[in-house]
Amino acid sequence: MHTSSANPSPSLDRQSLRPDCGNCFALCCTAFGFTRSADFALDKPSGTPCRNLAPDFSCTIHESLRPRGFRGCTVFDCFGAGQNVSQKLFAGNGWLEYPETKDGMFSAFKVARQLHEMLWYLIEAQERTFDPYSSSRALKPRKIIEQALDGGLEALLSLDIQDLHSQVRSTLMEISDEVRASYFAAGDDHLEPWLTPGADLMGRQLSSRRLCGADLRGAYLIAADLRGSDLSGADLLGADLRDARLEGADVSQALYVTQPQLNSARGNSTTLLPAGLVMPPHWGA
């Protein structure tokens, strides 16, 4: 059912890491489970179709997900893993038509989604670094990931994800240190002692600040007010931006920003976004 290749795909770029739902078998609506909460209106076990899923793999309430209690669906992004698994790994053979593929496909998607997200960060890291050595360090795990994605189901599922996460994290942190240092001269607001990785900044008033080069990796910025602030060179890897106010903020040169982070935040047309990312539809509501 699936194809494989021994050669890595060096041609993968950020455009190929964008979701293409029309070429996916609704893997995000089936493989993952969720619990009833502010983000989901019901419980759904992993490996089962969402009750809102249509036979053609479309969502029957796609235009009204947020008002009907499915905000989490509008935040999620698979980084292009859905279409890769559906069309490349399983050659366009859907789990509905071929039920025997279901377990393998769902397992592959859970792994591939992590790998695609790592690729998103690694590609940016290579683009942002000034050091050829750092660029080559980022290229090494990138090649491992691309080869695993091209190597068939067995190669994908046998990959040591934890070790790969460690390699990627180390590389991203190294390049973050380098890039952030180049922004320090832009202002000293990033030197505040409470602006640290993993900091609890929930609801914090941070508007109109020069946060250039701040290390906000993994920080809790839930409902933080960042309106009009400059986050150029700030490391936002894994930062929780749920309901963070980004109106008028400049995140165009921030490090490691993802579409899910923007989808979970609040902003408008005055928010400056990184290349390759788009304003979420609900920002204009």
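**Entry 1: α2 against α3**

I began with helix α2, residues 81–89, and found that its axis comes within 8 Å of the axis of α3, the two crossing at roughly 130 degrees. I noted α2 as oblique to α3, because angles between 115 and 145 degrees fall in neither the roughly perpendicular nor the roughly antiparallel class. The model I am reading is a predicted one. The hand of this crossing I recorded as right-handed. I then listed the residues that make the contact: α2 contributes Ala-81, Gly-82, Asn-84, Val-85 and Leu-89, while α3 contributes Met-105, Ala-108, Phe-109, Ala-112, Arg-113 and His-116. Sorted by class, the contact of α2 with α3 holds seven nonpolar, three polar and one charged residues.

**Entry 2: α3 against α6**

Next I turned to the packing of helix α3, residues 102–128, on helix α6, residues 161–181, where I read an angle of about 25 degrees and axes 10 Å apart. Since angles under 35 degrees count as roughly parallel, I entered α3 and α6 as roughly parallel to each other. I wrote down the crossing of α3 and α6 as left-handed. From α3, the residues that meet α6 are Val-111, Gln-114, Leu-115, Met-118, Tyr-121, Leu-122, Ala-125 and Arg-128. On the α6 side I found Ile-161, Leu-164, His-165, Val-168, Leu-172, Ile-175 and Val-179. By class, I have the residues of the contact of α3 with α6 as 12 nonpolar, two polar and one charged.

**Entry 3: Asp-13 and Arg-14**

I looked up two consecutive positions in the segment before α1, namely Asp-13 and Arg-14. Is Arg-14 buried or exposed? I have Arg-14 as buried, because its relative accessibility of 15% is below the 20% limit. Asp-13, by contrast, I entered as partly exposed, with a relative accessible area of 38%. For the surroundings of Arg-14, I set aside neighbours within four places in sequence and found contacts with Trp-120, Ile-123, Glu-124 and Ala-275. With Glu-124 I also found a polar contact of 3.0 Å, which joins the side chains of the two residues. For Asp-13 I checked one long-range separation: its C-alpha atom is 26 Å from that of Gly-104, a residue 91 places away along the chain.

**Entry 4: Ala-244**

I placed Ala-244 in the loop between α6 and α7, the latter being residues 259–264. I counted Ala-244 as buried, its relative accessibility being 0%. Which residues does Ala-244 touch, not counting those up to four places away in sequence? I found Leu-221, Ala-223, Ala-224, Ala-265 and Arg-266. I also looked at Ala-244 together with Thr-74, which lie 170 residues apart along the chain, and read 16 Å between their C-alpha atoms.

**Entry 5: positive phi outside glycine**

Finally I looked up two residues that have a positive phi although neither is a glycine: Ala-26, with about 50 degrees, and Ser-208, with about 55 degrees. Ala-26 lies in the segment before α1, whereas Ser-208 lies in the loop between α6 and α7. I entered Ala-26 as buried at 5% relative accessibility, and Ser-208 as exposed at 61%.

Conventions. Residues numbered from 1 in each chain as written. Predicted model: local features only at pLDDT ≥ 70, side-chain atom pairs only at ≥ 80, totals over all residues. Heavy atoms only, no water. Helix = DSSP H or I, 4+ residues; strand = E, 2+ residues; numbered from the N terminus. Buried < 20%, exposed > 50% of the residue type's maximum accessible area, 1.4 Å probe, protein only. Polar contact = N/O pair within 3.5 Å; in protein donor to acceptor, adjacent residues only side chain to side chain. Contact = heavy atoms within 4.5 Å. Axes fitted to C-alpha atoms, helices over the stretch in contact; angles between N-to-C directions. Parallel < 35°, antiparallel > 145°, perpendicular 65-115°, else oblique. Left-handed = near helix turned anticlockwise from the far one by under 90°. Nonpolar A, V, L, I, M, F, W, Y, C, P; charged D, E, K, R; others polar.
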